[in-house]
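Thank you all for coming. I would like to walk you through one model this morning, starting with a single side chain and working outwards to the whole chain.

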Amino acid sequence: MKGLYCKPGDQGDVKFVSQETNVPTNIGDHQVKVQVKSCALSPVDFKLYEDLKLEKEHVPVGREIAGVVLQVGPKVAFFQPDDEVVGILPLEAEQSGLCSVVVTDEYNLVLKPEKVSWFEAAAVIKDGLRAYTALHTLARMAAGQTVLVLDGAGPFGVLAIQLAHYHGVKVLATALSPEDQKFLEELRPSVGVQESLLARVIRVWDSKEDLVDSCLEETGGLGVDIIIDSGVKLFDEEPEAQRHCPHKHDLLTLLSVGGHWVTTEQHLQLDPPDSHILFLKAASLSFLNDEVWTTSRAKQGRYLHILKDVMDKLCTGTFRPQLEDPVPLYEATVSMEMVQSKQTRKRIAVKL
């Protein structure tokens with residue numbers, strides 16, 4: 001049985017290799033053997049593996065999986081053979097999600113609703129978790145607030161927009177290109193509904209439209225209650241890849257009194273004047289790292305509840321992911337190279 005693994009190079013380059021993997025013959029008391037039907041391909045964060053002392057010669061690729069239970073351990077309480085499940089393999093997993101069969105603890109999985117496809121389940125599970133973590137766990141979202149979602153057309157951004165709108169929050173989002181703008185303007189809560197999900201789409205690709213002015217205009221000068229970024233420009237001179245990222249000073253300016261800024265920028269640096277602005281506004285800053293759910297079991301029950309609710313919302317149509325067509329397994333290596341180099345946002349490999 002083959003799986004896809006990646007090996008970091010000396011110069012920062014990454015090589016993806018397909019190699020043979022053995023499935024454990026005996027499984028643990030609380031483990032489940034799953035036949036994988038689909039697997040999401042997301043970028044591998046090598047720095048996180050290093051920080052957590054989980055460095056490996058070959059890092060497994062593809063952790064968001066959906067499949068059918070083949071075998072359960074003697075003390076497994078949640079599943080039985082032939083159950084359809086979805087989940088996220090932990091960082092310390094030895095097997096790639098692109099293996100035909102994987103073994104994992106039952107606490108990493110939840111039941112997949114029958115109406116949800118394998119493709120959608122693997123595509124949504126992690127981005128849905130990120131949206132819940134950002135809006136509920138960190139920002140404490142409440143009806144009547146205003147949220148700004150940066151890069152709203154990305155897989156995570158779309159689910160954050162849909163979740164916020166579901167809870168009665170006014171949503172603003174940025175578009176990185178004319179295509180993203182068209183897509184966001186056509187977002188609807190459900191099929192046949194004319195009302196848009198978004199109060200405003202901000203064209204950050206257009207130099208004539210200013211992010212701060214647009215947000216302050218839309219909120220009557222009060223600013224937004226919640227900001228969810230997808231990267232921050234820390235200095236005036238940044239790489240071309242960050243040309244559409246807002247400057248940290250812009251985000252501090254458009255944050256409202258008592259607001260919450262949820263950032264994905266792990267190297268964000270706040271100078272004393274920046275902290276003073278947060279103090280004057282009684283605002284807060286949180287770092288979005290959804291991996292804490294699997295690296296720490298302190299809130300295991302809440303984690304599984306979130307995964308289940310993500311699937312329920314996908315089943316009822318609250319979550320409607322917008323993704324490219326699934327790729328066959330034999331194209332997974334090329335697709336993963338594109339995902340890792342950020343040539344495409346996300347791909348889903350489906351077993352054919």
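Let me begin with a question: is Cys315 buried, partly exposed or exposed? With a relative accessible area of 24%, Cys315 is partly exposed, because buried means under 20% relative accessible area, exposed means over 50%, and partly exposed lies in between, using a 1.4 Å probe and protein chains only.

Before going further, I should say that this is a predicted model, in which local features need pLDDT of at least 70 and side-chain atom pairs count only at pLDDT 80 or more, while totals for chains, interfaces and linings use all residues. Residues are numbered from 1 along each chain as its sequence is written, and side-chain values use heavy atoms, with hydrogens and water left out.

Staying with cysteines, Cys6 counts as buried, because its relative accessibility is 0%. The sulfur of Cys6 is 12 Å from the closest cysteine sulfur, that of Cys39, which is too far for a bond; a disulfide here is a pair of cysteine sulfur atoms within 2.5 Å, and a search of the whole structure finds 0 of them.

Cys6 also stands opposite Val59 in β4, which brings me to the sheet. Three strands form an open, antiparallel sheet in the order β2-β1-β4, where strands are DSSP runs of E with at least two residues, helices are runs of H or I with at least four, and both are numbered from the N terminus. Two strands pair if DSSP finds at least two bridges between them, and β1, residues 2–8, pairs with β4 over 2 bridges.

Turning to the interior, the largest nonpolar core has 51 residues, of which Leu135, Val147, Ile161 and Leu184 touch the most other members; such a core is a set of buried Ala, Val, Leu, Ile, Met, Phe, Trp, Tyr and Cys residues joined through side-chain atoms within 4.5 Å. Helix α2 gives the most to this core, with 10 residues. A second, separate core of 30 residues includes Val34, Cys39, Val85 and Ala93. In soluble globular proteins, nonpolar side chains tend to be buried together.

Finally, the whole chain: the secondary structure comes to 10 helices and 16 strands, and buried residues make up 51% of the 352 residues. The C-alpha atoms fill a box of roughly 65 × 50 × 40 Å, taken along the principal axes.
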